[in-house]
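Good morning, and thank you for coming. I would like to take you through one structure, step by step.

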Amino acid sequence: MTRRENARRVLRRLPMVGWLWLLWILLWGSVGPVVLIGGLLVATAVVGSFFLPPVLPGAVPRPLAIGRLLVDLLKDLVGSGVTVAWQVLRYGGKTSTAIVEVPLHVDSDLLITAVAELTTIAPGTLVVEIDRRRQRLYVHALPVRDETDLVRRRKAVQTVERRVARAVGRGRRTGAAGGTGAAGDDTSGSSDHPDQGGSTP
């Protein structure tokens, strides 16, 4: 096997290493140095020891985009944690919540799962349903007081989606089910699960 073939073989396995590394971080719920380094070593060892098929054929991981994804995740964790704590202290059980419908533009089970996991890990948001056929996430979010908050929450999830797509070097799919357009636009039309506001019990 030539050096070029070895390099191609390594590149084909990088998406799997990146995915296992991200999964490790999500399972631990931390981005500390021990978790980051340990996860990278474990992911590399698993992929190097076992024959695994490509996770995303044609995908090329982008180290800078992956690094930015992790940094943004840390910022989201801190910012969301502060927001939730303030809402609990100020409003208690009367904190306003809603179920927000979020159209997605990626068309991969793996990427949709990654978006759902990254959304759920942030305090104040929880993915309660994944509609794979229509490419929708339904996210329980707080605080949501008006239509502006609904739009802001929807765009926040779609921002996570764009970060994930950039990290694996795959573009978003447009014109998908439900008539979605560019990320950040809500052209979903009617829905079986309309955005519903309410208060925590």
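**Confidence first**

Over residues 171-201 the pLDDT, which is the predictor's confidence in each residue on a scale from 0 to 100, stays under 50. For that stretch the model has 72 contacts beyond four places in sequence, a contact being heavy atoms within 4.5 Å. Where pLDDT is low, the predicted coordinates should not be read in detail.

This is a predicted model, in which local features need pLDDT of at least 70 and side-chain atom pairs count only at pLDDT 80 or more, while totals for chains, interfaces and linings use all residues. Residues are numbered from 1 along each chain as its sequence is written, and side-chain values use heavy atoms, with hydrogens and water left out.

The protein averages a pLDDT of 76, and 73% of the residues score at least 70. Where is confidence lowest, and where is it highest? The lowest mean, 46, belongs to strand β4 (residues 196-199), and the highest, 93, to strand β3 (residues 136-141). The helices (H or I, at least four residues) and strands (E, at least two) that I name are DSSP runs, numbered from the N terminus.

**The strands**

Let us stay with β3. Two strands are said to pair if DSSP finds at least two bridges between them. Strand β1 (residues 96-103) runs antiparallel to β3 and is joined to it by six bridges; I99, for example, has H140 as its bridge partner in β3. Strand β2 (residues 125-131) also pairs with β3 in the antiparallel sense, over six bridges, and here E129 stands opposite Y138.

Is β3 enclosed or open to the outside? Five of its six residues are buried, so β3 is largely enclosed by the rest of the structure. By buried I mean under 20% relative accessible area, by exposed over 50%, and by partly exposed in between, using a 1.4 Å probe and protein chains only.

β2 and β3 form a hairpin with four residues between them. In that turn, Q135 has a positive phi of about 55° although it is not a glycine. Q135 is also buried, with a relative accessible area of 4%. On the other side of β3, in the loop between β3 and α5, lies P143. A cis peptide bond joins L142 and P143, with omega at about -5°.

**Helix α4 and the core**

Helix α4 covers residues 109-121. Its expected span is 1.5 Å times one less than its number of residues, so its 13 residues should span 18 Å, and the end C-alpha atoms are indeed 18 Å apart. The buried residues of α4 include L111, V115 and L118.

A nonpolar core is a set of buried Ala, Val, Leu, Ile, Met, Phe, Trp, Tyr and Cys residues joined through side-chain atoms within 4.5 Å. The largest one here has 39 residues, and those with the most contacts inside it are V102, V115, L118, L137 and V164. Which elements give two or more residues to this core? They are α1 (3-28), α2 (33-49), α3 (63-91), β1, α4, β3 and α5 (147-167). Leaving aside residues up to four places away in sequence, V115 touches L104, L137, V157, V160, E161 and V164.

**Salt bridges**

A salt bridge is a side-chain nitrogen of Lys or Arg within 4 Å of a carboxyl oxygen of Asp or Glu. How many does a search of the whole structure find? The search finds 10.

One of them joins D72 and R68, at 3.7 Å from N to O. Both residues lie in helix α3, four residues apart, about one turn of the helix. D72 is buried, with a relative accessible area of 11%, whereas R68 is exposed, at 53%.

R132 takes part in two others. Its salt bridge with D107 has the closest N and O atoms 3.1 Å apart. That pair links distant parts of the chain, with D107 in the loop between β1 and α4, R132 in the loop between β2 and β3, and 25 residues separating them. R132 also forms a salt bridge with D109, where the closest N and O atoms are 2.3 Å apart. This second pair reaches from the same loop between β2 and β3 to helix α4, 23 residues apart. D109 is partly exposed, with a relative accessible area of 48%.

Finally, salt bridges that share partners join R68, D72, D76 and R163 into one network.
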